[in-house]
Amino acid sequence: MRTGFPDFRLGSVLATSFTGTLSERHGNAVERIPTPHRLVDWLAVNGLAVDSCTTAQLELARELRESIHAAATAAALQDALPASAVQVINDRSAQGRAAAILTPEGTRRWQLSPATRVEDALGVIAADAISIIAGERDGKLALCASPTCRAAFFDTSQSRTRKWCDMNTCGNRQKKARFNASQRRRSAE
């Protein structure tokens with residue numbers, strides 16, 4: 001893993017974890033894949049190892065990330081899906097050459113084409129986005145309650161009432177802000 005970059009925010013859902021590579025979208029945005037090498041790192045951490053990445057492939061990845069974010073946000077708000085975002089997601093899904101493989105442990109793993117192209121990994125991410133946006137998986141799309149974040153995330157909690165994309169960052173930050181405001185009110189009394 002290369003140093004000097006912000007940590008990845010990893011989740012259990014590939015597509016929304018990918019959109020999390022740009023966080024604090026409504027505050028001081030944090031780009032977690034600023035270079036092609038950093039995208040290679042993110043893909044490897046998520047079981048989609050590729051040999052290399054070009055600047056053009058990084059741009060394709062960012063375009064997919066923003067399209068997934070736009071479509072997932074619309075789905076979470078129960079708005080119409082943006083046609084341009086749907087087109088990008090569908091194009092990336094169709095262009096990828098990956099196969100789902102069953103492991104001896106009974107889990108699914110993705111096997112990319114022998115050339116391990118970035119486009120194949122993006123196809124897997126796009127297919128994952130399609131499954132959650134289309135409502136094919138158990139859970140619901142929601143938006144982070146943090147006003148500076150507003151990341152789309154896939155809520156698989158039993159009650160489907162999760163408020164934060166990541167409790168360790170957005171949730172703790174908001175709880176700390178409420179606590180500090182409460183302390184200030186008490187000291188002013």
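The largest pocket in this predicted model has a volume of about 290 Å³. Its lining is made up of 20 residues, and those closest to the pocket's centre are Gly11, Thr16, Phe153, Arg162 and Cys165. Three elements give two or more residues each to this lining: helix H1 (14-19), strand S1 (22-23) and strand S6 (152-155). Sorted by class, the lining of the largest pocket holds nine nonpolar, eight polar and three charged residues.

Next comes the second largest pocket, with about 250 Å³ of space. Its walls are built from Gly11, Ser12, Val13, Leu14, Asn46, Gly47, Leu48, Arg108, Arg109, Trp110, Asp128 and Arg137. Gly11 turns up here and also among the residues closest to the centre of the largest pocket. Strand S4 (residues 108-112) supplies the largest share of this second lining, namely three residues. The class split is even: four nonpolar, four polar and four charged residues line the second largest pocket.

Turning to how the helices pack, helix H3 (residues 55-76) and H4 cross at roughly 130 degrees, and their axes come within 8 Å. An angle from 115 to 145 degrees counts as oblique, and H3 and H4 are therefore oblique to each other. The crossing of H3 past H4 is left-handed. On the H3 side, the residues that meet H4 are Leu60, Glu63, Leu64, Ser67, Ile68, Ala70 and Ala71, while H4 brings Ala85, Val88, Ile89 and Arg92. Eight nonpolar residues take part in this contact, along with one polar and two charged.

H4 also packs against a second partner. Helix H4 (residues 83-95) meets helix H5 (residues 118-133) at an angle of about 130 degrees, with the two axes 7 Å apart. That angle makes H4 oblique to H5. Here too the crossing is left-handed, as H4 passes H5. From H4, the contact draws on Ile89, Asn90, Arg92, Ser93 and Gln95; from H5, it draws on Glu119, Asp120, Leu122, Gly123, Ala126, Ala127, Ile130 and Ile133. This contact of H4 with H5 has six nonpolar, four polar and three charged residues. On H4, Ile89 and Arg92 belong to the contact with H5 and also to the contact with H3.

Definitions and conventions
Residues are numbered from 1 along each chain as its sequence is written. This is a predicted model: local features need pLDDT of at least 70, side-chain atom pairs count only at pLDDT 80 or more; totals for chains, interfaces and linings use all residues. Side-chain values use heavy atoms; hydrogens and water are left out. Axes are lines fitted to C-alpha atoms, for helices over the stretch in contact, and angles run from 0 to 180 degrees between N-to-C directions. Helices (H or I, at least four residues) and strands (E, at least two) are DSSP runs, numbered from the N terminus. Angles under 35 degrees count as roughly parallel, over 145 as roughly antiparallel, 65 to 115 as roughly perpendicular and the rest as oblique. A crossing is left-handed if the near helix is turned anticlockwise from the far one by less than a right angle, and right-handed if clockwise. Contact means heavy atoms within 4.5 Å. Ala, Val, Leu, Ile, Met, Phe, Trp, Tyr, Cys and Pro count as nonpolar, Asp, Glu, Lys and Arg as charged, and the others, Gly among them, as polar. On a 1 Å grid over the protein atoms alone, a cavity is a set of points where a 1.4 Å probe fits but cannot get out, and a pocket is an open set with protein on both sides within 12 Å along at least five of seven lines; lining residues have an atom within 4 Å of a point. Grid points are joined across faces, edges and corners, and a volume is the space filled by probe spheres set on the points.
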